[in-house]
Amino acid sequence: MIFYEFTPEEIAAVKSRFPKLEYLSPGVWKGILEFDHVYRDYRIIDSHDIGIGVPAAYPNQFPHVSELGGRAVKAAAKHNKNVLDAHWSTQNGACLCVKQEEKIKFPPGSDIVFFIENLVIPYFYGLSYFEEHGRWPWREYAHGVLGILERYTEETEPHTKDSLELILPSFRDNPNWRKYRAHFVEPKGRKACLCDSSKPFSECHPLGWRGMVLLHDDLKRLGLNPYKFFSKPVVKPKK
């Protein structure tokens, strides 16, 4: 992976605000993130061992945020929950927000300090809260593609092919992309849920199921074939 190379000024801005974060190599930050954060009068002062990997396509592509202290896994075990309930996975790291909200929470022109203050700190505040209470402090979406589908039910503007292309990679780049495609080709609420619970989708995650139906209907309205739309492009070998 090619990483974004920060300027000396950008590095200095981060070090000034978060002195325990170290810039180890181009695009890679690691260290202790300290915060004093309040949400609805509930104050948490804490610190987490974190890593931030910033891809070369930044700011058009979100940085990858890791929790390095093992606290997400321990918190989930403490409350007898899946680590995904802590919005954490070994593959994708911390889920800072649902895909459709990325440009809302990190608007064009924002810098890395803004990213840490407005996305990274709230996530780790939420994780600290989860450690104590076994739940997230605010309304949450399901992890991964289910969260995208749940958020889809709230969108009121008519979708276009371009707007659908923004969320497409989240489905197509997932190891389970064939299973997702099967749902879109022929949505059936009795099919096993996308969360791998083996329960009927419409019963296990009803809001996600509703989003699936809406997205399927939009594909049909736009004349897009779900089988092709959710298939990985074939890369032809160079001659």
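**An enclosed helix and some unusual residues in a predicted chain**

Biologist: Which elements are included in what covers the buried residues of α5?

Modeller: In this predicted model, the cover over the buried residues of α5 includes five helices that can be named with their ranges where these are given. Helix α5 runs over residues 145-152, and 8 of its 8 residues are buried, so the helix is largely enclosed by the rest of the structure. Among those buried residues are Val-145, Leu-149, Glu-150 and Arg-151. The covering elements include α3 (102-105), α6 (161-172), α7, α8 (201-204) and α9 (206-221).

Biologist: Helix α7 is part of that cover, and Arg-181 has its place in α7; how far away is the nearest side chain of opposite charge to Arg-181?

Modeller: Arg-181 sits in helix α7, which spans residues 177-185, and apart from residues up to four places away in sequence it touches Pro-226, Tyr-227, Phe-230 and Ser-231. Arg-181 is buried and yet has no salt bridge, a term that requires a side-chain nitrogen of Lys or Arg within 4 Å of a carboxyl oxygen of Asp or Glu. The nearest side chain of opposite charge belongs to Glu-186, and its distance from Arg-181 is 12 Å.

Biologist: Is Asp-36 buried, exposed or partly exposed?

Modeller: Asp-36 is found in strand β2, residues 28-39, and touches Arg-43, Ile-44 and Ile-45 when residues up to four places away in sequence are not counted. Its C-alpha atom is separated by 8.6 Å from that of Tyr-125, although the two residues are 89 residues apart along the chain. Since buried means under 20% relative accessible area and exposed means over 50%, the 43% relative accessibility of Asp-36 makes this residue partly exposed.

Biologist: Phi is positive at both Asp-41 and His-87, neither of which is a glycine; what relative accessible area does His-87 have?

Modeller: Asp-41, with phi near 65°, is found in the loop between β2 and β3, and this residue is exposed, with a relative accessible area of 78%. His-87, with phi near 55°, is found in the loop between α2 (71-78) and β5 (88-89). In contrast to the exposed Asp-41, His-87 is buried, and its relative accessible area is 7%.

Biologist: Which residues does a cis peptide bond join?

Modeller: The place to look is the loop between β3 (42-53) and β4 (64-67), where Pro-59 lies. The peptide bond in question has an omega of about 5°, and the residues that it joins are Tyr-58 and Pro-59.

Biologist: What radius of gyration does the chain have, set against that of a compact globule?

Modeller: The chain contains 10 helices and 6 strands, and its C-alpha trace spans about 50 × 50 × 35 Å along the principal axes. Buried residues make up 43% of the 239 residues, while 55% of the contacts with a separation of 6 or more are between residues 24 or more positions apart. A compact globule with 239 residues would have a radius of gyration near 18 Å, and the value for the chain, which agrees, is 19 Å.

Biologist: How far apart do the centres of the positive and negative side chains lie?

Modeller: The chain exposes about 13500 Å², of which carbon and sulfur atoms supply 53%. Its charged set consists of 33 positive and 30 negative side chains, and the centres of the two sets lie apart by 9 Å.

Key. Residues numbered from 1 in each chain as written. Predicted model: local features only at pLDDT ≥ 70, side-chain atom pairs only at ≥ 80, totals over all residues. Heavy atoms only, no water. Helix = DSSP H or I, 4+ residues; strand = E, 2+ residues; numbered from the N terminus. Buried < 20%, exposed > 50% of the residue type's maximum accessible area, 1.4 Å probe, protein only. Lys, Arg positive; Asp, Glu negative; His and termini not counted. Contact = heavy atoms within 4.5 Å. Rg over C-alpha atoms; globule rule 2.2 N^0.38 Å. Areas by Shrake-Rupley, 256 points an atom, 1.4 Å probe, with all protein chains shown as cover. Charge placed at Lys NZ, Arg CZ, Asp CG, Glu CD.
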